[in-house]
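Visitor: I have a structure here and some questions about how it packs. Can we go through it?

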Amino acid sequence: MRTYVVTGAASGIGATTAEMIASRGDRVIGVDLNESDVVADLSTPEGRKEAVRKTLEKAQGTAIDAVIAAAGISAPKALTVAVNYFGVTQFLEGLAPAMAKANAPRAVVVSSMASVQQNSPKLVDAMLDGDESTALAIGAQLEAAGPREGYLNYPSSKRALSRWVRRECIMPRWAGAGIPLNAVAPGTVITNMTRSMLATEEGRAMVDSNVPMPLNYHSEASAIAKLLLWLTSEENTHVTGQTIHCDGGAEVTLRGENIWS
């Protein structure tokens, strides 16, 4: 039996993933703001430290075999930067030493196809520099400028997260400890967060213009969960540093084949 830690386990992709893990007979330690095994706020440095501490307590000395970081928000606010980037990276870094003790440790984060959308390069750079105060200040400026500019917090956070995965995966903390580190980038997923938007023709048109999905259209959360579980399984021995787009062809539609230059 493997022990999985899943952030964002109380809803959406995280909840579906946690349920799938449990149905397979493995152990799940869920982390979320409420209604989870570990209740903690990943938007603050103190909350992340508390989340790591409580998770290790819940593990009760057993190895943590895999971490699936699915917690995230898409609000046009600086808070999105705190949760989506720092809440993911610092939590994973905090658990890395415990994961290194497992026989086949694995880690994966939930990015987004929005990582290839327009973003704020200054904000992305601040996140990758680990400068949370500057990143939040830039995010707050975008938020104050209105919803359109504020939305840049979301693709910027996901761009930085995917770049962090690529940068960090080959480091001693991850590859050196035998831990594949990857990201999954969903397109439009049918969850409680998106159902109201997708319920109207106008809402669907707006979503589909930004996230065109020619293969099988909008996905259920289970499609993402299955990929997350393979990436964190013992079967995955050599895939690392990748952002795998599980988006029905949205990224390909928007970017085409010229991504190698």
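Guide: We can take the sheet, then the helices, then a salt bridge.

Guide: This is a predicted model, where local features need pLDDT of at least 70, side-chain atom pairs count only at pLDDT 80 or more, and totals for chains, interfaces and linings use all residues. Residues are numbered from 1 along each chain as its sequence is written, and side-chain values use heavy atoms, with hydrogens and water left out.

Visitor: In what order do the strands run in the sheet?

Guide: The order is 3-2-1-4-5-6-9, an open sheet of 7 strands with parallel pairing. Strands (E, at least two residues) and helices (H or I, at least four) are DSSP runs, numbered from the N terminus. Two strands pair if DSSP finds at least two bridges between them.

Visitor: Which strands stand at the edges?

Guide: Strand 3 (38-39) and strand 9 (243-246) do, each with a single partner strand, so one side of each has no neighbour in the sheet.

Visitor: How many bridges between strand 6 and strand 9?

Guide: Strand 6 (residues 181-186) pairs with strand 9 over 4 bridges, in the parallel sense. A183 has T243 of strand 9 as its bridge partner.

Visitor: Which strands does helix 3 lie across?

Guide: Helix 3 (residues 79-99) lies across strand 1 (3-7), strand 2 (27-32), strand 4 (66-69), strand 5 (106-110) and strand 6, at about 175° to strand 4. Contact here means heavy atoms within 4.5 Å. Axes are lines fitted to C-alpha atoms, for helices over the stretch in contact, and angles run from 0 to 180 degrees between N-to-C directions.

Visitor: And helix 10?

Guide: Helix 10 (residues 221-231) lies across strand 1, strand 4, strand 5, strand 6 and strand 9, and runs at about 170° to strand 6.

Visitor: Change of topic. At what angle do helix 4 and helix 5 pack?

Guide: About 155°, with the axes of helix 4 (residues 121-128) and helix 5 (residues 132-144) 8 Å apart. Helix 4 and helix 5 are therefore roughly antiparallel. Angles over 145 degrees count as roughly antiparallel, under 35 as roughly parallel, 65 to 115 as roughly perpendicular and the rest as oblique.

Visitor: Which residues make that contact?

Guide: K122, L123, A126 and M127 of helix 4, with T134, A135, I138, G139 and L142 of helix 5. By class, the contact of helix 4 with helix 5 has 6 nonpolar, 2 polar and 1 charged residues. Ala, Val, Leu, Ile, Met, Phe, Trp, Tyr, Cys and Pro count as nonpolar, Asp, Glu, Lys and Arg as charged, and the others, Gly among them, as polar.

Visitor: How do helix 4 and helix 7 cross?

Guide: At roughly 40°, with the axes of helix 4 and helix 7 (residues 153-168) coming within 9 Å. That makes helix 4 oblique to helix 7. Helix 4 residues L123, V124, D125, M127 and L128 meet N153, S156, S157, R159, A160, R163, W164 and R167 in helix 7. By class, this contact has 6 nonpolar, 3 polar and 4 charged residues.

Visitor: How many salt bridges in the whole structure?

Guide: The search finds 6. A salt bridge is a side-chain nitrogen of Lys or Arg within 4 Å of a carboxyl oxygen of Asp or Glu. One links the side chains of E57 and R53, at 3.0 Å, N to O.

Visitor: Where do E57 and R53 lie?

Guide: Both are in helix 2 (residues 45-59), 4 residues apart, about one turn of the helix.
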